[in-house]
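Colleague: I would like to go through the words used to describe this model and ask what stands behind each of them.
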Amino acid sequence: MKISLLVKYAVSYLAVVIASLIVMNTIGTARVLKGITSDRVNAMSKEGNVIVESYMDDYYKGGTTLSEVYKELQTIDTFSDARIMIVNPDGEILSDTRGYASAEKADRITLPPSLLNNDVTTEYSDGNVEPSTVVVHPVDVDLSLRGYVVLMTARAGIKADGAYYIDTLNICFLLISLVLFAVIAILYIISIVPLRENIKMAREYADGHFEYKSPAHKRKRHDEFADLSATIEYMGNDIGQMEDYQRKFISNISHDFRSPLTSIKGFATAMKDGTIPPEMYDRYLDTIIYETERLTKLTSEILELGKFDSKAAMLKFSDFDINEMIKRTAAGMEGTCRPRGITFDLTFEAESEMVNADRDRIEQVVYNLVDNAVKFSHNDSAIEISTSEKGNKVFVSVKDHGVGIAADKIKKIWERFYKTDSSRGRDRKGSGLGLSIVKEIIQAHGEEINVVSTENAGTEFIFTLARTSE
């Protein structure tokens with residue numbers, strides 16, 4: 001059964017409040033009463049010492065009368081709120097600030113020896129005394145026990161004081177509980193409400209509604225929930241773009257496969273039904289082979305990109321001379337470049353430039369960049385290829401002086417199947433995957449590649465490789 005956070009908050013809040021009240025009114029009450037009793041006992045002990053030292057010694061030596069002592073003790077009783085008794089050695093009460101003193105032995109009230117033999121008795125009661133806490137001070141004169149000074153305070157007064165303190169604490173706790181309730185309500189508003197909005201946004205994206213915008217973005221929030229909302233929205237947009245990419249990918253790949261397949265099927269059918277005479281077979285068979293090679297290359301490039309997407313492309317690092325690789329690649333392009341008058345200008349900072357990378361993958365990068373430069377260079381122009389060192393990196397540059405790339409299209413050249421409008425006439429054979437493969441390979445090496453281009457002036461690609469430590 002699903003239980004919302006609001007219910008959990010409410011149950012937790014009530015549990016804390018009720019448990020706190022129970023503890024406060026049980027354990028708390030007991031501790032408060034114990035503390036008040038201890039304070040009263042200490043106060044009566046001090047008062048008893050003063051009475052013994054100040055009055056009882058004079059009384060038993062005949063320096064003052066019992067009546068005079070009684071008046072002084074009544075004053076002390078008023079200020080200390082303690083019943084004071086003078087008791088003879090037999091336990092008979094001679095004077096009581098809240099009773100009477102009797103000279104007649106038969107009329108005197110006698111306190112039990114069990115009470116007088118204890119300095120402190122926290123719970124005492126009999127028919128003549130209400131439940132009280134009692135402090136007893138023996139009076140010794142000339143090393144002889146002459147009597148006792150007994151101070152009593154009613155337990156009812158202690159309990160009343162304890163109840164007052166506990167009631168005050170309860171009222172304060174209830175006020176704090178109201179404040180705590182307000183705090184929880186505010187926390188609910190600033191946490192659960194945006195959390196629910198984010199949950200709704202995630203569900204909308206899960207249902208494919210990638211255009212949905214959370215109401216949270218309309219509020220001026222600057223907290224973790226705003227970050228979460230922005231992250232979910234970014235993720236939704238990214239997934240939406242991925243779906244758009246997949247649709248475009250299928251559309252592009254269908255187009256790139258359909259064109260050569262149509263040519264192959266058309267020429268093969270024409271050859272079979274006799275539309276193309278036998279003496280022209282060689283010409284059209286060459287076209288079929290050419291289109292087949294296009295399909296093979298396109299398939300290989302798609303599989304290559306798939307390896308990087310699935311992290312299945314394992315790099316085999318080794319040390320090799322990047323300058324030698326560039327020379328070999330440029331030499332392999334001379335057959336294509338010579339008819340158009342395109343030349344290579346190779347500039348190397350060092351005669352040999354050793355790098356540590358996957359040789360086959362980097363050779364593919366160099367070939368793709370040089371092939372790209374050849375395609376978009378003007379006739380009778382030069383392609384500049386250079387290498388240089390900086391720190392522990394080797395910088396490789398491939399620069400042409402061709403058609404260039406418009407500023408608003410530079411970011412798009414890394415997209416799969418993307419071809420600039422100006423390149424469509426020049427690069428009908430291209431798949432639009434070459435630069436995507438280049439970027440994936442360079443990034444897999446943990447390196448960087450950048451492009452600088454000016455329309456109708458040329459393009460320069462620069463990428464880095466780790467230099468072999470000497």
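Modeller: Let us begin with packing, where contact means that heavy atoms lie within 4.5 Å of each other. Please keep in mind throughout that this is a predicted model.

Colleague: Against which elements do the buried residues of α2 pack?

Modeller: The buried residues of α2 pack against helix α1, residues 5–60, and strand β1, residues 83–87. The residues in question are Val 69, Leu 73, Ile 76 and Asp 77.

Colleague: What makes you place these buried residues on the same side of α2 or on opposite sides?

Modeller: They are on the same side, because the arc that they cover around the axis is only 105 degrees. In an α-helix there are 3.6 residues a turn, so residues three or four places apart point the same way. On the face of α2 turned away from the buried side one finds the exposed residues Lys 71, Thr 78 and Phe 79.

Colleague: Why is Asp 77 called buried?

Modeller: Its relative accessibility is 8%, and the word buried applies under 20%, so Asp 77 counts as buried. Beyond its neighbours within four places in sequence, Asp 77, which lies in helix α2, is in contact with Ala 82, Arg 83, Ile 84, Thr 97 and Arg 98.

Colleague: How do you know what span to expect for α2?

Modeller: The expected span is 1.5 Å times one less than the number of residues, which for the 15 residues of α2 (66–80) comes to 21 Å. From its first C-alpha to its last, α2 reaches 20 Å, and that is close to the expectation. Just after the helix, Asp 81 takes a positive phi of about 55 degrees.

Colleague: What describes the packing of α8 with α9, and which hand does the crossing have?

Modeller: Two packed helices are described by the angle between their axes and the distance between the axes. For α8 (residues 359–376) and α9 (residues 434–444) the angle is about 145 degrees and the axes are 9 Å apart, while the crossing is left-handed.

Colleague: Which residues meet there, and of what kinds are they?

Modeller: From α8 come Arg 361, Ile 362, Gln 364, Val 365, Asn 368 and Leu 369, which meet Gly 434, Leu 435, Ile 437, Val 438, Ile 441 and Ile 442 in α9. The residues of this contact divide into eight nonpolar, three polar and one charged, with Gly counted among the polar ones.

Notes. Residues numbered from 1 in each chain as written. Predicted model: local features only at pLDDT ≥ 70, side-chain atom pairs only at ≥ 80, totals over all residues. Heavy atoms only, no water. Helix = DSSP H or I, 4+ residues; strand = E, 2+ residues; numbered from the N terminus. Buried < 20%, exposed > 50% of the residue type's maximum accessible area, 1.4 Å probe, protein only. Arc of directions from axis to C-beta. Axes fitted to C-alpha atoms, helices over the stretch in contact; angles between N-to-C directions. Left-handed = near helix turned anticlockwise from the far one by under 90°.
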